[in-house]
Amino acid sequence: MKKETISNLQTILQNEKDFDSELYISSGKSQEVSLKEGVLENMDFSSYEGMGLRIFRDKKSAFAYSNTVNESELRLSLIHISEPTRPY
């Protein structure tokens, strides 16, 4: 995950003055090797990334998550989860 992406996500949220927010970002890689009696049985390589967004406004909160970390996902999440917390 690029530092630039994280910085851009942070800027998007800092510019949003209608509510407070929390952004959780996670990413990683794993490797698993299985041996049986000294013989290679299985090798598995995987990677993951994701983000969770929580917003707070007027004693209401909403949450969204995605297995993709990018600006368009964050903007879409903001649209969807900010609507239920908007005052009517």
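In this predicted model, strand 2 and strand 3 form a hairpin with two residues between them, strands being DSSP runs (E, at least two residues) numbered from the N terminus, as helices are (H or I, at least four). Within that turn, Asp58 has a positive phi of about 50°. The two strands pair in the antiparallel sense over seven bridges, where pairing requires that DSSP finds at least two bridges between the strands. Arg54 has Phe63 of strand 3 as its bridge partner.

A second hairpin joins strand 1 to strand 2, again with two residues between them, and here Glu37 in the turn has a positive phi of about 55°. Strand 1 covers residues 20-36 and pairs with strand 2 in the antiparallel sense over 17 bridges. Val33 is matched in strand 2 by its bridge partner Met43.

Attention can now turn to the interior. The largest nonpolar core (buried Ala, Val, Leu, Ile, Met, Phe, Trp, Tyr and Cys residues joined through side-chain atoms within 4.5 Å) has 13 residues, and Leu53, Ile55, Leu74, Leu78 and Ile81 have the most contacts inside it. At least two residues of this core come from each of helix 1 (3-15), strand 2 (39-57), strand 3 (60-66) and helix 2 (71-82). Leu53 illustrates the setting well: beyond residues up to four places away in sequence, Leu53 touches residues including Leu13, Leu23, Ala62, Phe63, Leu74, Leu78 and Ile81, a contact being heavy atoms within 4.5 Å.

Phe63 also takes part in the one aromatic pair counted. Its partner is Tyr65, and the pair is tilted, at 6.3 Å centre to centre with 35° between the planes; rings of Phe, Tyr and Trp (its six-membered ring) pair if their centres lie within 6.5 Å, with planes under 30 degrees apart stacked, over 60 edge-to-face and the rest tilted. Tyr65 counts as exposed because its relative accessibility is 67%, the cut-offs being under 20% relative accessible area for buried, over 50% for exposed and partly exposed in between (1.4 Å probe, protein chains only).

Ser66 also lies in strand 3, but this residue is buried, with a relative accessible area of 12%. The Ser66 side chain reaches the backbone nitrogen of Thr68 at 3.0 Å. Apart from neighbours within four places in sequence, Ser66 is in contact with Gly50, Met51 and Glu73.

Residues are numbered from 1 along each chain as its sequence is written, and side-chain values use heavy atoms, leaving out hydrogens and water. Local features need pLDDT of at least 70 and side-chain atom pairs count only at pLDDT 80 or more, whereas totals for chains, interfaces and linings use all residues.

Terms used
Polar contact = N/O pair within 3.5 Å; in protein donor to acceptor, adjacent residues only side chain to side chain.
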